[in-house]
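Here's a walk through one model, going from single residues to helix pairs and cores. Keep the structure open while you read.

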Amino acid sequence: MTDDLVDPESSLWAWLAYDVRFYRKKYNLTQHQLGQVIISSASNVSNIEAGRRKLTDEQALALDVRFVTGGHFSRLLRFARRGHDPDWFKQYAHLEAKARLIKTYQAITVPGLFQIPEYATELFRALGIVDIEGPLSKRMARAEVLKRSTPPLCWAIVTESVIDWPIGGPEIMRKQLAHLLDLSTQPNVSLRVVPRVAGAHAGVDGSFSLISGKDGDVAYTESPGGGRLVASSDEVREYGLRYERIGQAALPASASREMIQRIMEAL
């Protein structure tokens, strides 16, 4: 047993991760050898077994074929995707910290990586969270990814509602908007705004993010009380197309900065 061994009774995703390790051990395969089966690296197999990465449809099928399971992994993967994953944020944060490219569309609030402590505190309070210090420190720690020696590209699209909704009052919002303007000048950051006059657009269905790294691409879609990580290549592609369509309704980066500046000065 290792520190990374997951509890198969905690969730369907944990059961799936546990069984990857169980079958690998049963057939006396190393993580490198199993990586050859699913066309991946030993480190990625380790992350899958620890619940930090999710299997793709192709990988689940490869496991079913190699271990002659009768479709066990593919079937369990489908059921896991339909349910709520209690470990979704742990997995998301792990992927975000190692990302090479982060694309995010936010319809209601400032992207988490771009939030200042005061703004984030107001959001936590609004959600009824009593002990704010813990989640606040975790959110601020996530933003450290933008300060890496080789930071990821971070492309964000937000609606006009995000920047003119005075979360925490005028003073906090002015400080938050000033922070957005500062970030938007960094070479690895792109920030664009979808103006209200754009009307209906491809982002009306809700916020989501796309993360690209050495282990592949995933999407994350938000929902009340939780979220869902999407590893299916077809679904990830669909979110990528939706992001591009939203971008067609957004202002250019320079016009977006001008809008943020105007709203900040009007507060």
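## Leu34 and its surroundings

Setting aside neighbours within four places in sequence, Leu34 is in contact with Val20, Arg24, Leu29, Val45, Glu49, Leu63 and Phe67. Bear in mind that this is a predicted model. Leu34 itself sits in helix α2, which runs over residues 31-37. Is Leu34 buried or exposed? With a relative accessible area of 1%, Leu34 is buried.

For a sense of scale, pick Gly168: it is 134 residues from Leu34 along the chain, and the two C-alpha atoms are separated by 51 Å.

## Helix α1 and what covers it

Two of the Leu34 contacts, Val20 and Arg24, are also among the buried residues of α1. The others buried in that helix are Trp13, Ala14, Leu16, Ala17, Asp19, Arg21 and Tyr23. Their cover includes α2, α3 (42-49), α4 and α5.

As for its length, α1 (residues 12-26) has 15 residues and reaches 20 Å from first C-alpha to last, close to the 21 Å expected at 1.5 Å a residue. Just after α1 comes Asn28, with a positive phi of about 55°.

## The α4 and α5 pair

Two packed helices are described by the angle between their axes and the distance between the axes. For α4 (residues 57-67) and α5 (residues 72-82), the axes come within 7 Å and cross at roughly 150°. Angles over 145 degrees count as roughly antiparallel, so that is how α4 runs relative to α5.

Which residues meet here? On the α4 side they are Asp57, Ala60, Leu61, Leu63, Asp64 and Phe67, and on the α5 side His72, Phe73, Ser74, Leu77 and Arg81. By class, this contact divides into 6 nonpolar, 2 polar and 3 charged residues. Leu63 and Phe67 have come up before, as contacts of Leu34.

## Two loop residues with positive phi

Ile39 and Val68 are worth a click. Ile39 isn't a glycine, yet its phi is positive, at about 55°. You'll find Ile39 in the loop between α2 and α3, where it is exposed with a relative accessible area of 73%.

Val68, also not a glycine, has a positive phi of about 50°. Its place is the loop between α4 and α5. Val68 is exposed too, with a relative accessible area of 70%.

## The α7 and α10 pair

Now for another helix pair. The axes of α7 (residues 117-126) and α10 (residues 170-184) come within 8 Å, crossing at roughly 125°. The two helices are therefore oblique to each other. From α7, Glu118, Tyr119 and Glu122 meet Ile172, Met173, Lys175 and Gln176 of α10. That contact has 3 nonpolar, 1 polar and 3 charged residues.

What else does Tyr119 touch? Neighbours within four places aside, its contacts are Thr109, Val110, Ile167, Ile172, Met173 and Gln176.

## Helix α10 and the cores

The buried residues of α10 are Ile172, Met173, Gln176, Leu177, Leu180, Leu181, Leu183 and Ser184. Covering them are, among others, α7, α9, β3 and α12. The helix also agrees with its expected length: at 1.5 Å a residue its 15 residues should span 21 Å, and the end C-alpha atoms are 21 Å apart.

The largest nonpolar core has 36 residues, of which Phe114, Tyr119, Ile163 and Leu177 touch the most other members. Elements giving two or more residues to this core are α6 (88-97), α7, β2 (153-159), α9 (160-164), α10, β3 (189-194), β5 (216-223) and α12 (253-266). Which of them gives the most? That's α10, with 6 residues. A second, separate core has 17 residues, including Phe73, Leu76, Leu77 and Ala80.

## Ile132, after α7

One last stop is Ile132, in the loop between α7 and α8 (133-142). Ile132 is buried, with a relative accessible area of 13%. Not counting residues up to four places away in sequence, Ile132 touches Thr121, Phe124 and Arg125. From the C-alpha of Ile132 to that of Pro195, 63 residues apart along the chain, the separation is 32 Å.

How values were computed. Residues numbered from 1 in each chain as written. Predicted model: local features only at pLDDT ≥ 70, side-chain atom pairs only at ≥ 80, totals over all residues. Heavy atoms only, no water. Axes fitted to C-alpha atoms, helices over the stretch in contact; angles between N-to-C directions. Helix = DSSP H or I, 4+ residues; strand = E, 2+ residues; numbered from the N terminus. Parallel < 35°, antiparallel > 145°, perpendicular 65-115°, else oblique. Contact = heavy atoms within 4.5 Å. Nonpolar A, V, L, I, M, F, W, Y, C, P; charged D, E, K, R; others polar. Buried < 20%, exposed > 50% of the residue type's maximum accessible area, 1.4 Å probe, protein only. Core = buried A, V, L, I, M, F, W, Y, C linked by side-chain atoms within 4.5 Å. Expected span 1.5 Å × (residues − 1).
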